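Visitor: I would like a close look at a single part of this model, namely its salt bridges and the residues that take part in them. Please take me through the pairs one after another, with attention to where each partner sits.

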Amino acid sequence: MKYQSQAVAKPYFIAALALFVGQIVFGLIAGLQYLYGTFLFPELPFDVAHMSHTNLLIVWLLMAFMGAAYFIVPEEAQTELYSPKLALVTFWVFLTAGALTIAAYLFVPYAHLAAITGNAALPTMGRGYLEQPLPIKIGIVLVALSLLFNVTMTLIKGRKTSINLILVGSLWGLALLFLPAFYFPQDTVKASFGWWWIVHGWVEGDWELILGALLGFILIKMTGVDREIVEKWIYIIVAMTLVSGLVGIGHHYYYTGAPSYWIWLGSIFSALEPLPFMLLIAFSFKMLLARRREHPNKAAMLWALGTPIMAFLGAGLWGFMITLAPAQYYMHGTNFTAAHGHLAFFGAYAMVSLAIISYAMPLLRGRIANSDAAQRWEMAGFWIMVLSMLGIALALTGAGIVTVVLQRAAADPMPFMQVQDKERVFFWLRELAGVGFFVGLLVYLRSFFISGEYEYAGEMKRALAA
Amino acid sequence: MQQVFTKAMARNIFLGGAVFFLAIYLALTYDTWQRIPIRDHADQMTPAVLRGKYLLDTNDCIGCHTINGEGAYFAPELGNVYKRRGPDFIKAWIQSQPTGVPGRRQMPNFHLTPDQLNDLVAYLQWLSNIDTNNWPPNIQG
Amino acid sequence: MNAEASVIRTQPLPGDFAIWIFIFAELTVFGVLFAAYAFARSAHADLFNAAQLGLNRVYGLANTLILVTSSYFVVRATQSIKAGRSTACGHWLVGALGLGGCFLAVKLAEFHQDLAQGISLSANLFDMFYLSLTFFHFMHVVMGMAILAVVAHKAYAGRYSVADHTGVETGASYWHMVDLVWIILFALVYVIH
Amino acid sequence: MKSPAAPAFTACTVSWVVLLALTTISFELGAGAPGRALTAAVLALTLIKGHLVVSHFMGLRRVRLRWRIAMAAYLAAVGGVIALAYSIT
């Protein structure tokens, strides 16, 4: 840690991980409700568990991105953060708003929540990921404005590296892309079309820029490779993201009432969306091979290299599977999408968040890297979580295949609930993998409670023994 | 001779490419905006349809169901439920929830009035007439 | 002679490598679009054949000749700067820009006629491809002209030299790509049926 | 004063004239009866034109083999896919 004010990242990272735990708990509950529909009903209906799961995901990722911004921007700008106090106040506001939202979901019926928060005046509720009541949405905008003000002022007074420009620019994009959340047309088809501006705009556009900036920063720091090389490749990769992804949004428009030409345009451009992820893998490993130092934080390196691979699998491969219109005709709205969503969100955004946390947290706690023992726990957590998430994706893919075969493409199609009964084995596998993931998360978290610093002496000893 | 590869050019390509493809997307969106009202019969969005839509949104129906494939995959597709089940079944079904069958997935009772049920069905009927390029592949959604 | 040829054939790509990554990406996009067009046509040959008759092929011919010539002008601009003649380079580029403007004018006239004929993205599959492909390419011409305008401005300002003219080659490479794509597009959409 | 650029200048100018000629020829061919012969002829002319642009306008005839192969492969792939699609009609 080079600047005192970077310390404000710490509460953000800690809160992100706490919310991550909450996300997984709700995921396990929702997963179990697939198998036992009466579980926790009527106290916690599936839709509440589901929206708590997805909203916590978004909140913890945003928490991690914000922490990353407060950590990276000052270091790159080579100056203290414009206002650490504002960052800290913003943290508490955001955390309170997030907690309040989940509490409201849990304890107030959704229709009543809509009624008491002025949804009738400006309807915004009832869309996936955007379930928050109006005041919370306004709060999110205020938090974003505070973050943008703080990091932009820091950027202005300091060194303007490409990593910083991409990071701050994409944070502006993140905030701007949230604004359509306040535009909920009465025409359902238009509403769906515009909903993707936010969802696709974030996860298949803007967030890939954040991913690129975060990964670029970590790789510069850990490999010691020349900044110029890293930064120009990051520019090329994010350019490819937008070349394929902007019109690639069309892969959400095939069967939702939008004009037919999206079938062709969406298929053609979205088929190229795996490209930037392939480039990201090639780039990351090239940087690894060209490294000029051995960074003692091996766990962070593992996360940093795991991210592009898992992102390619989840976003690239699983995304490609459902992106072409003829395939999506049968797969649209099935657990194929859930499989892709899980693997992509985890592989790209959860993992890059954990990567920056893994790199930054030891520094924030006053050491270059954690002790060997702590890193072993962390890396064990990495493998358990990664493999479990692959298990979840495969199980959901299995469920998707059953739906396609029995319900979508069958000569004598079966009703939805009957098909769901046939998929129980896959829902069990998903739940088991989910429990595995939770164990992996606990193992990962355990690593934070092992004190001690990385000791070079131990490495020397091992090298001599070998 | 060494290949030239500058960061400035990489940045220009990123910025130029972003503006370029955004322009393409906006042009297409403009066309789409003209087409959607024709494809979904926006002229048939009566006040009852809009009230029904508001009910669906504020009861978080897509937290379990899908509408034209978007939502959650816990419960059946609603885009074509009007054609699959018909208005009377839908109303009776909603009123009889939750079934309480042990182990079976449960739908809450939303305590809707008869007028609200009519609005809801009006919306589902409108929904079932959208031109979705023949999706879903069959009536089971 | 052979030695000279082998030396001459080991040069790096003209211009900045970054533009070549972009060029190859763009060529891939166009390649996929062309393939989609071709296979869509093979599934609906009668529709395509009938709809193609609605196009005025002379527009296509004129625009191909215009774009090829403007590409040639850009080659002359590159050669000028390699010989150290900045002003000549600028003049050739302005000429290319003028031809680019002609291309846009012809294409706009054609689009205008198309719209009057009721051609739209949703009319039929051929019209969808025809409009998507040509509009997508049209935007590339606009983009290419923006790049050439910057390069021409810098050439007049004397910012390029015999030793350093990467910028000219970068812009030129992009413009030739726009030309190359149109040549294939012209054959596919206007000629072959 | 014959600079080294002179032969290139000639080659490019020749390419330009040939490109104009080939364009006109394929346009005239297109006025004829449709069929496989027409498709094959126009496609062949187009690939020749593409090669001229790549070699002489882009100047790829002077660069390393791998880039020339990449570009030739692109033209061959596009031409091949189009030919395939038209032959299965």
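**Salt bridges, pair by pair**

Guide: R227(A) and E231(A) pair through their side chains in a salt bridge, with 3.0 Å between N and O; the model is a predicted one. Both residues belong to helix α8 (residues 227-248) of chain A, where they are four residues apart, so about one helical turn separates them. E231(A) has a relative accessible area of 1% and is therefore buried, and R227(A), at 19% relative accessibility, also counts as buried because the limit for that class is under 20%.

A further pair involves E228(A), which forms a salt bridge with K7(B), and here the closest N and O atoms are 3.1 Å apart. Because E228(A) lies in helix α8 of chain A while K7(B) lies in helix α1 (residues 7-39) of chain B, this pair joins two chains. The two partners fall into separate classes of exposure: E228(A) counts as partly exposed at 39% relative accessibility, whereas K7(B) counts as buried at 19%.

Within chain B, the side chains of R39(B) and D131(B) meet in a salt bridge with an N to O distance of 3.5 Å. This pair links distant parts of the chain, since R39(B) is in helix α1 of chain B and D131(B) is in the segment after α5 of chain B, 92 residues apart. R39(B) is buried, with a relative accessibility of 13%, while D131(B), with a relative accessible area of 34%, is partly exposed.

Some of these residues can also be read together, for salt bridges that share partners join E76(A), R227(A), E228(A), E231(A) and K7(B) into one network. That network includes K7(B) of helix α1 in chain B and E228(A) of helix α8 in chain A, the pair that joins two chains. Over all chains, the count of salt bridges comes to twelve, and the pairs described here are among them, including the one between E231(A) and R227(A).

As a setting for these charged pairs, one may add a nonpolar patch on the surface, formed by Y36(A), F39(A), L40(A), V425(A), W428(A), L429(A) and L432(A), with about 630 Å² of accessible area together. One of its members, V425(A), lies in helix α16 (residues 424-446) of chain A, and V425(A) is partly exposed, with a relative accessible area of 48%.

Definitions and conventions: Residues are numbered from 1 along each chain as its sequence is written. Chains are lettered from A and ligands numbered from 1 in the order in which they are written. This is a predicted model: local features need pLDDT of at least 70, side-chain atom pairs count only at pLDDT 80 or more; totals for chains, interfaces and linings use all residues. Side-chain values use heavy atoms; hydrogens and water are left out. Patches are made of residues with over 30% relative accessible area and no salt bridge: like charges are joined within 9 Å, nonpolar side chains (Val, Leu, Ile, Met, Phe, Trp, Tyr) within 5 Å. Accessible areas come from the Shrake-Rupley method with a 1.4 Å probe; for residues, only the protein chains shown count as cover. A salt bridge is a side-chain nitrogen of Lys or Arg within 4 Å of a carboxyl oxygen of Asp or Glu. Buried means under 20% relative accessible area, exposed over 50%, partly exposed in between (1.4 Å probe, protein chains only).
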